[in-house]
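Here are my notes on this one, written for someone opening it for the first time. Have it on screen while you read.

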Amino acid sequence: PLTDPPGVKLRKEGLTVNHPVVFVPGIVTGGLELWEGHQCAEGLFRKRLWGGSFGELYKRPLCWAQHMSLDNETGLDPPGIRVRPVSGLVAADYFAAGYFVWAVLIANLAQIGYEEKTMYMAAYDWRLSFQNTEVRDQTLSRIKSNIELMVATNGGKKVVVIPHSMGVLYFLHFMKWVEAPPPMGGGGGSEWCAKHIKAVMNIGGPFLGVPKSVSGLFSVEARDIAIARTFAPGFLDKDVFGLQTFQHLMRMTRTWDSTMSMIPKGGEIIWGGLDWSPEGSSFSCGAKTLRNNSINNTDQIPNINLANMKNVNYGRIISFGKDVAEAHSSKIERVDLLDSMKADMLANLTNCDIWIEYHDIGDHRIKAVADYKVYTAGSILDLLQFVSPKLMARGGAHFSYGIADNLDDPKYQHYKYWSNPLETKLPDAPDMEIYSMYGVGIPTERAYVYKVTTATDCSIPFQIDTSAEGGSEDSCLKGGVFSADGDETVPVLSAGLMAAKGWRGKTRFNPSGIPTYIREYSHAPPANLLEGRGTQSGAHVDIMGNFALIEDVIRVAAGATGKELGGDHVYSDIFKWAERINLQL
């Protein structure tokens, strides 16, 4: 017999609806619909452009890409086009037909008595920068009012907030916004979170960014078009559309300021430098270990030969050439990128019918990018600045990637810092709880080997060198990508470090000592076809159907505390890595 789903199991234990819950969806998972468009979009009023069947994408791809793009200067609506988030639980229960996101969690909560009045989907336009969702749609104000309403109509019970993926960063931004005085903030005052929120249960949170976003912005082929394909494999594929359309899609995703929120934060202190990384070589990428891992530590897995686990330089997020990725830094000859940046931009006269910023660069600058050889989390920002000046200028107004020296410096009151946990303080809410819940045991993109392509003028000049292989079966280098432990999208380091170290106890980032808990879920693929996408998956989206995670969420919604759940539940080496990171607390 199949085991009871968590909702049924916990109902038998006597759990019932208690705290209202708020879902905050991530990038790509929330539906978007058309409210105003050009001639080519005739007949699509209030039809889903994003999510659902994606029928229009396949019928009229160029029209679709035009309507899904934002204005390249403002990051807001282009003239004559309005695309808006779908509201309600239907906004993100299913991403596409049969591909659940929140549906399984909602169904299980319903089993213990939850319904529309005790559940709220905080839908927002995930293409926009976080502050711009307020500027254009007043979304942050609506979330604030809705949470206040739920607390008021449920006998004063505080809400349990459940953000997923980029929604985790969006909600961090919200918690700063709601306290800050108008006009920049929501004017709720410093007690607002303490009064209204019981717990924030972050699922798959890219707190410190994801290396995948770098490859997404730098070449858009990191096996997914700027994050979108992570969520629907085979979707937005070069082969479906042909190259021209693919470049239109790249141009489209580059107008989405939100993708900039995922660039790795904290530089070399967090992600490692030329010759060190917090992870060292403690993760084996061998297929054997990952498919049956109830335990993730090497001493109980006899078939790994530690001698052939070469130390991987994860700190080198981009290397031009496998030899460069593996050499000691003293042996790498680099040409300084900044000198090339000062060199005049040569007018590039190729006539491309599609604007992609690389076409403005000129060949000598493309060569300069490759001659610099290696980019760490510190120099990645210079690289992106170099190849995408417009994108980074817009992004720089809304996001920041550093570590604050002094959090009391008034400059940190600006909204661009609010979604970076290393440049903000958590609210003054000692009774609130923060959970970091994420999958482990799946190789996750962490660093890349690149090459310069000498293709036609209008293609993208940098590509992952898919011929770069590590050699052994356990190697973490496959197809030009170095993998580390994670949920296939977010590395453990990004999902877990704040809860393990930055916010643990009273720190400068967590002055009121909000309790933090790490709940890791070790990935096991579906046992049979009946299981669909699996009830024990640790993958970034499929984890939303993980029975152990759903049980944790329901118990907290029904009133349990982190202590009552059993505190931390950890398989990875996150605490060991945290010790190696020299973060001033």
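1. Is C40 buried, partly exposed or exposed? With a relative accessibility of 31%, C40 counts as partly exposed, where buried means under 20% relative accessible area, exposed means over 50%, and partly exposed is what lies in between (1.4 Å probe, protein chains only). C63 is buried, at 10%. Another cysteine, C193, is buried too, with a relative accessibility of 1%.

2. Before going further, a word on the ground rules. This is a predicted model, in which local features need pLDDT of at least 70 and side-chain atom pairs count only at pLDDT 80 or more, while totals for chains, interfaces and linings use all residues. Residues are numbered from 1 along each chain as its sequence is written, and side-chain values use heavy atoms, with hydrogens and water left out.

3. Back to the cysteines. If a disulfide is a pair of cysteine sulfur atoms within 2.5 Å, the count here is one. C40 and C63 make that bond, with their sulfur atoms 2.1 Å apart. The torsion about the S-S bond is about 80°, so the disulfide of C40 and C63 is right-handed. C40 sits in the loop between β2 (32-36) and β3 (48-50), and C63 in helix α3 (residues 61-68), so the bond ties together parts that are 23 residues apart in sequence. Helices (H or I, at least four residues) and strands (E, at least two) are DSSP runs, numbered from the N terminus.

4. The same region holds an open sheet of three strands, antiparallel, in the order β3-β2-β4. Its edges are β3 and β4 (82-85), each pairing on one side only; two strands pair if DSSP finds at least two bridges between them. Neighbouring strands in this sheet are turned by 45° against each other on average, direction ignored. Between β2 and β4 the antiparallel pairing covers four bridges, and L32 stands opposite P85 in β4. Helix α3 lies across β2, β3 and β4, at about 80° to β3. Axes here are lines fitted to C-alpha atoms, for helices over the stretch in contact, with angles from 0 to 180 degrees between N-to-C directions.

5. Now for the other sheet: six strands, open, with parallel pairing, ordered β7-β1-β8-β9-β12-β17. At the edges are β7 (119-121) and β17 (516-522), each of which pairs on one side only. The average turn between neighbouring strands of this sheet is 15°, direction ignored. Helix α4 (residues 103-111) packs on the sheet, touching β1 (21-24), β7 and β8, and its direction makes about 175° with that of β1; contact means heavy atoms within 4.5 Å.

6. Take a closer look at β8 (residues 159-163) and β9 (residues 197-203), which pair in the parallel sense over three bridges. V160 stands opposite A199 in β9. Helix α7 (residues 166-179) lies across β1, β8 and β9, running at about 150° to β9.

7. Last, helix α20 (residues 547-557). Why call α20 largely enclosed by the rest of the structure? Eight of its 11 residues are buried, so the description fits; among them are L549, I550, E551 and D552. At the start of α20, a side-chain oxygen of N546 comes to within 2.9 Å of the backbone nitrogen of A548. After α20 comes G559, with a positive phi near 120°.

How values were computed
Polar contact = N/O pair within 3.5 Å; in protein donor to acceptor, adjacent residues only side chain to side chain.
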